[in-house]
Amino acid sequence: MPKLKQSQIRRLDRLLEMRDGYVLDFSNRTFSEFFEDEFGFDIYQEKYELQGESKAKRLRTLIEVEEGAVVASVIQKLWMLRLNDKQKAPVAAEDDLWIQGLITHLQTSGSAPLVQSLVSTARILDFDTVTRDLNRALETSQSDPESAITSACSTLESVCRSVLVELGLELPKKRDISSLFRAVREPLKLSPSRTDMHQDILGDVQKILGGLGTLVEGVGALRTHAGDAHGREKGFVRIDSRTAALAVHSAITAALFLIQTWQKHYPTTSLHKH
C-alpha cells in the first residue's frame, strides 16, 4: 500500500467526516453492512483495530494496511455516498478534484513493477536523464498535473536521445518528441510498415506499432497544450491528475519498450557516459 502523507490523511478525514471516530453518517451496524455488501469482508475483524476500535480508526487502519486498489475502491464508494447526500452542503469542486486524483493515484500504484523496471533499466544503462525525468513525473502526477505531463514527455525524449547517442546517430534538427521518435523508429525496427513477421500476426503488430507512434505523439501534444512548459492565460483550467497519470504511465510503458528493444537489437553496443 502506498503510504499517504499526513496532510492527505487530514484532508481525507475532513472530506469523509471522520470526526470523533465517526465516518459520514454510518452507525456501527450500517458501517459493517457497507463493507460486507460492497466488498465482502468484515471491517470489524481484528486486523483493522491497530489504531483503535472506532469507525474512523478502523478506516485509517484499512488505508494503511490494504493494497492501493482496495483502498481506492473503498474511498470511491464512500465519496459517492457523500456526493449523493442531498441533506448536506454541496461538495466544493476543488475537493472533488483532489479526491478523484487521490483515487487515481491509489489505483495506479499497482503499476509499481513496471515503474521499477524502467528505473532499474535506466540506472543500469546509465541513462541518468531518463531516471531524473521519470522521478519528477511520478512525484508530481497528483500535486502538479501540468508538471507531470511535461516530465512524462521529457522521459520519452530522454530515452530517444539516449538511444541515438548510444547508436552514434545524430539528433534530428527538430528536437521535439515526434521527431526524436521518428529518428529511433527505423534503427529499432519499429516502423508500422515492417513486414518481416508471420502473416498470422503481421496486421496485429502493425496496429500496435502504429498505436505506439500515436501514443508518443499524444503525450507530446498534451505537453504542448496542457503542460507547464509554456505560459497560461487568465482562467486557464488545470488538467486533472487522472489524465496526468494516464500520460505518465503511457510514457513509462513506451519508454521501457524502447529501451528493451534497443537492448535486443544492439546487445553488444558499448555504453557511453552522457
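How are α9 and α10 oriented to each other? In this predicted model, the axes of helix α9 (residues 177–185) and helix α10 (residues 199–226) come within 9 Å and cross at roughly 155 degrees. An angle over 145 degrees counts as roughly antiparallel, and α9 and α10 are therefore roughly antiparallel to each other. As for handedness, α9 goes past α10 in a right-handed crossing. On the α9 side, the residues that meet α10 are I177, S178, F181 and R182. Their counterparts in α10 are L212, G213, V216, E217 and G220.

Stepping back to the whole chain, the secondary structure amounts to 11 helices and zero strands. Read from the N terminus, then, every element in the run is an α. Of the 274 residues, 43% count as buried. For contacts between residues at least 6 apart in sequence, 63% join residues at least 24 apart.

A second helix pair is worth a look. Two packed helices are described by the angle between their axes and the distance between the axes. For α2 and α4, the axes come within 12 Å and cross at roughly 120 degrees, so the two helices are oblique to each other. This crossing, too, is right-handed. The contact itself involves F34, F35, E38 and F39 of α2, which meet S73, V74, K77, L78 and L81 of α4.

Next come the charges. A search of the whole structure turns up 13 salt bridges. One of them pairs R60 with D13, with the closest N and O atoms 3.3 Å apart. R60 lies in helix α3 and D13 in helix α1 (residues 6–15), so this pair ties together parts that are 47 residues apart in sequence. D13 counts as buried because its relative accessibility is 18%, under the 20% cut-off. Helix α3 itself covers residues 55–65. Leaving out neighbours within four places in sequence, R60 is in contact with D13, M18 and Q51. Another link back in sequence shows up in the backbone: the C-alpha atoms of R60 and I9 are 8.2 Å apart in space, with their positions 51 residues apart in sequence.

R82 and E17 make another salt bridge, and here the closest N and O atoms are 3.5 Å apart. This pair also links distant parts of the chain, with R82 in helix α4 (residues 68–83) and E17 in the loop between α1 and α2 (28–39), 65 residues apart. Both R82 and E17 are buried. For E17, the relative accessible area is 17%. The backbone of E17 deserves a note as well: phi is near 55 degrees, a positive value in a residue other than glycine.

The loop between α1 and α2 also holds D20. Like E17, D20 is not a glycine, yet D20 has a positive phi of about 50 degrees. Is D20 buried or exposed? At 75% relative accessibility, D20 counts as exposed, whereas E17 is buried.

A further salt bridge joins E66 to K47, with the closest N and O atoms 3.1 Å apart. Both partners sit in loops: E66 lies between α3 and α4, K47 lies between α2 and α3, and the two are 19 residues apart. E66 counts as buried at 15% relative accessibility, while K47 is partly exposed with a relative accessible area of 40%. Some salt bridges share partners, and in this way E17, R19, D25, R82, D85 and K88 are joined into one network.

What about a buried charge that has no salt bridge? E157, in helix α8 (residues 145–166), is such a case: E157 is buried, and the nearest side chain of opposite charge, R223, is 4.8 Å away. A salt bridge needs the nitrogen and the carboxyl oxygen within 4 Å, so the R223 side chain at 4.8 Å does not qualify. Not counting residues up to four places away in sequence, E157 touches R175, D176, I177 and L180. Among these, I177 brings the account back to the opening helix pair, as I177 is one of the α9 residues that meet α10.

Key. Residues numbered from 1 in each chain as written. Predicted model: local features only at pLDDT ≥ 70, side-chain atom pairs only at ≥ 80, totals over all residues. Heavy atoms only, no water. Helix = DSSP H or I, 4+ residues; strand = E, 2+ residues; numbered from the N terminus. Buried < 20%, exposed > 50% of the residue type's maximum accessible area, 1.4 Å probe, protein only. Lys, Arg positive; Asp, Glu negative; His and termini not counted. Contact = heavy atoms within 4.5 Å. Axes fitted to C-alpha atoms, helices over the stretch in contact; angles between N-to-C directions. Parallel < 35°, antiparallel > 145°, perpendicular 65-115°, else oblique. Left-handed = near helix turned anticlockwise from the far one by under 90°.
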